[in-house]
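User: Please take a close look at the nonpolar patch on the surface, and tell me which residues make the patch.

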Amino acid sequence: MVSSDLVSRLTNYFTVGEGKEQEAGEPFAIAYQEPLPLADFFACIDEHFQCRKTLADAEATLNDRAHQFRLIQKRLLVRFKERN
């Protein structure tokens, strides 16, 4: 998706963009000689997924602890009301 957007923008810029007419010479071509750096891309995706999983686990733990806190708070309020 990113590369297709880049290709369309470059094609538009160099062929028709900014009031330029397409030249009669060689056609516009885009080439990439080296292999794509997919390992870095997939590592970034894995790291993002791990961060989201860690965040979801932390939110679940926080929810559990908040529930426990509310239960304890209710018990203490009942005890203090009985004494007074």
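Analyst:
**The nonpolar patch and its setting**

Buried residues, meaning those under 20% relative accessible area (exposed is over 50%, partly exposed in between, with a 1.4 Å probe and protein chains only), make up 2% of the 84 residues in the protein chain. This is a predicted model, in which local features need pLDDT of at least 70 and side-chain atom pairs count only at pLDDT 80 or more, while totals for chains, interfaces and linings use all residues. Residues are numbered from 1 along each chain as its sequence is written, and side-chain values use heavy atoms, with hydrogens and water left out.

The patch, of about 640 Å², is made by Y32, L36, L38, F41, F42 and I45; patches take residues with over 30% relative accessible area and no salt bridge (a side-chain nitrogen of Lys or Arg within 4 Å of a carboxyl oxygen of Asp or Glu), joining nonpolar side chains (Val, Leu, Ile, Met, Phe, Trp, Tyr) within 5 Å and like charges within 9 Å. Areas come from the Shrake-Rupley method with a 1.4 Å probe, and for residues only the protein chains shown count as cover.

Among the patch residues, Y32 is found in the loop between α1 (2-16) and α2 (38-83), helices being DSSP runs of H or I with at least four residues, and strands runs of E with at least two, numbered from the N terminus. Y32 counts as exposed at 52% relative accessibility, whereas F42 is partly exposed at 44%.

The whole structure holds 1 aromatic pair: the ring centres of F41 and F42 lie 5.9 Å apart with their planes at 55°, so the pair is tilted, given that rings of Phe, Tyr and Trp (its six-membered ring) pair if their centres lie within 6.5 Å, with planes under 30 degrees apart stacked, over 60 edge-to-face and the rest tilted.
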